[in-house]
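Please read the following account alongside the sequence and the model. It moves from single residues to the core and then to the empty spaces.

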Amino acid sequence: MSDESIFLRALRKENLPIPPIWYMRQAGRYMPEYRAVRKNFKNFLDMCKNPEVCCELALQPIKAFKLDAAILFSDILTIPDAFGLGVKFVENEGPVFQNPIEKVDDIKNLMPFDPENLTYVYEAVTNIKNALPSNIPLIGFCGSPWTLAAYSIEGRSSKDFKKTINFIKENIDESHLFLSKLTDACFLYLRKQVQAGADVIQIFDSWANILDTEDLKNFSFDYIKLLINALKNDSVTSNIPIILFARDPKCSPGALIETSADCLSLYWSMNDFDIQFARNKTALQGNLNPKILLESRDVIKTETHKLLEKFEDFPGYVFNLGHGLTPDICPEKVKYLTELVREY
Ligand code: 1CP
């Protein structure tokens, strides 16, 4: 396949007349088609455990907007669930862990990660891959070790993850042990996704923003580097482009580039990111503020044109939002945005 894919060409840092387009959280609650399927499941994770349903959901935005890449329908919290931490998604609350990491013994006694516990994910990958046209690549994904650790220790979502920050400060060695275990799990998990048919990998460091520069390096980026290095040195995954999304990290562009990711996905607020510095070192993805899609068509047009102008000559640009589509966004606006980019 895939030499035809403009998404893969952009990830190889080619300058293209029209950038490839996909959207973070392109399958989700903003789509009526999604809500129609979702209402059949009480627990979100039960829906993720159904490979046929995941295939249908991953294809919904491809059909609706003719996007240039599909993303696996699943969640980053499948790994903590497979470690036995008991992840439930509670209406209006988000993820809640029945057995969060509360003390160092919980880390020492953690059951070994068995990638076979996530067979339902690899089956979804294969189903989606088989259903996609050959020139539309499939993105597999995982959460970064740090982001998975933060949910696992906090036991739920949070604005500041205070409990997690206290835990890692008080239990430095065990926190590193936990991050190592998660890194190994991410590697095995992504390798299986690639064997099942994933063409590209995205790593979501969604809680990079809560760490200061030094902790970001020590608790997050060092593990992302180990993960990317392991993937680049494995015969199954060595040729798979890797995209890194780190939410508003307190670091230099150089620190992001040093992770060796092939493409950096810029959060919507990262407008001072030095794109000239990144030139020929990495591809870039992003970074329209998803909130713009709640504005009028005129505002959407102005902001989108500004962004396209900024990245016009950048070798390897993927059009995307700076974070996920939210449930309050109207699908018509997503359609309009996609047309704007293609007609620019
Ligand atoms: O009830 C519902 O319908 C659940 C909504 C939902 C959906 C559609 C959740 C719960 N997860 C997902 C799917 C999902 N999650 C995908 C595949 C769909 C697609 O992208 O098209 C992906 C890639 C994710 C990744 C994910 N899950 C991230 C990283 C991206 C980001 O937003 O930063 C994170 C942080 C999660 C955790 C998560 N999953 C769901 C919730 C409510 C949360 C918690 C978010 C928070 O802490 O605020």
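Helices and strands are taken here as DSSP runs, a helix having at least four residues and a strand at least two, numbered from the N terminus. The model is a predicted one.

By that numbering, T259 falls in the loop that joins α12 (253-257) to β7 (263-265). Is T259 buried or exposed? Its relative accessibility is 1%, and T259 therefore counts as buried, the limit for that class being under 20%. Two polar contacts tie its side chain to the backbone around it. One runs to the backbone oxygen of L256, at 2.6 Å. The other runs to the backbone nitrogen of A261, at 3.3 Å. Leaving out residues up to four places away in sequence, T259 touches F221, I224, K225, I228 and L244.

Helix α12 itself contains A255. A255 has 23% relative accessibility and so counts as partly exposed. In sequence A255 and T213 are 42 residues apart, while their C-alpha atoms are 9.8 Å apart in space.

A second buried residue with side-chain contacts to backbone atoms is found in the segment before α1 (6-11), where S5 is placed. S5 is buried because its relative accessible area is 0%. The side chain of S5 reaches the backbone nitrogen of F7 at 3.2 Å, and a polar atom of that side chain lies 3.0 Å from the backbone nitrogen of L8. Apart from residues up to four places away in sequence, S5 touches N135 and P137.

Two loop residues call for a look at their backbone angles. Most residues other than glycine have a negative phi. K66, in the loop between α4 (51-65) and β1 (70-71), instead has a positive phi near 50°. With 60% relative accessibility, K66 counts as exposed, since the limit for that class is over 50%. N280 also has a positive phi, of about 65°, and is not a glycine. N280 is located in the loop between α13 (275-278) and β8 (283-288), and its relative accessibility of 56% is why it counts as exposed.

The interior comes next. The largest nonpolar core has 132 residues, and the members that touch the most others are F73, I79 and F319. Helix α10 (residues 172-196) gives this core its largest share, ten residues. Which residues does F73 contact, leaving aside its neighbours within four places in sequence? They are A27, Y34, F44, M47, C48, C54, L57, A58 and I128.

F44, one of those partners of F73, lies in helix α3 (residues 44-48). Its relative accessibility is 10%, so F44 counts as buried. Beyond the four places on either side in sequence, F44 touches Y34, R38, F73, S74, D75 and F89. F44 and L337 are 293 residues apart along the chain, and their C-alpha atoms are separated by 29 Å.

Two of the residues that F44 touches, D75 and F89, return in the description of the largest pocket. How many residues line the largest pocket? The lining has 45 residues, and R25, R29, D75, F89 and P95 are the ones nearest the centre of the pocket. The space in this pocket amounts to about 1,600 Å³. Among the elements, α2 (32-38), β2 (87-90) and β3 (94-97) each supply at least two residues of the lining. The largest share comes from β2, with three residues. By class, the pocket lining divides into 23 nonpolar, twelve polar and ten charged residues.

Closed space is treated separately from the open pocket. Rolling a probe the size of a water molecule over the atoms shows where empty space is left. The count comes to one cavity of 30 Å³ or more, and the largest cavity has a volume of about 40 Å³. Lining the largest cavity are W146, A149, I153, I168, S175, F178, L179 and F219. The elements that give two or more residues to this lining are α8 (145-154) and α10. Helix α10 is also the helix with the largest share of the nonpolar core. The cavity lining has seven nonpolar residues, one polar residue and no charged residues.

Conventions. Residues numbered from 1 in each chain as written. Predicted model: local features only at pLDDT ≥ 70, side-chain atom pairs only at ≥ 80, totals over all residues. Heavy atoms only, no water. 1 Å grid on protein atoms, 1.4 Å probe; cavity = no way out; pocket = protein on both sides within 12 Å on 5 of 7 lines; lining within 4 Å. Points joined across faces, edges and corners; volume = space filled by probe spheres on them. Nonpolar A, V, L, I, M, F, W, Y, C, P; charged D, E, K, R; others polar. Buried < 20%, exposed > 50% of the residue type's maximum accessible area, 1.4 Å probe, protein only. Polar contact = N/O pair within 3.5 Å; in protein donor to acceptor, adjacent residues only side chain to side chain. Contact = heavy atoms within 4.5 Å. Core = buried A, V, L, I, M, F, W, Y, C linked by side-chain atoms within 4.5 Å.
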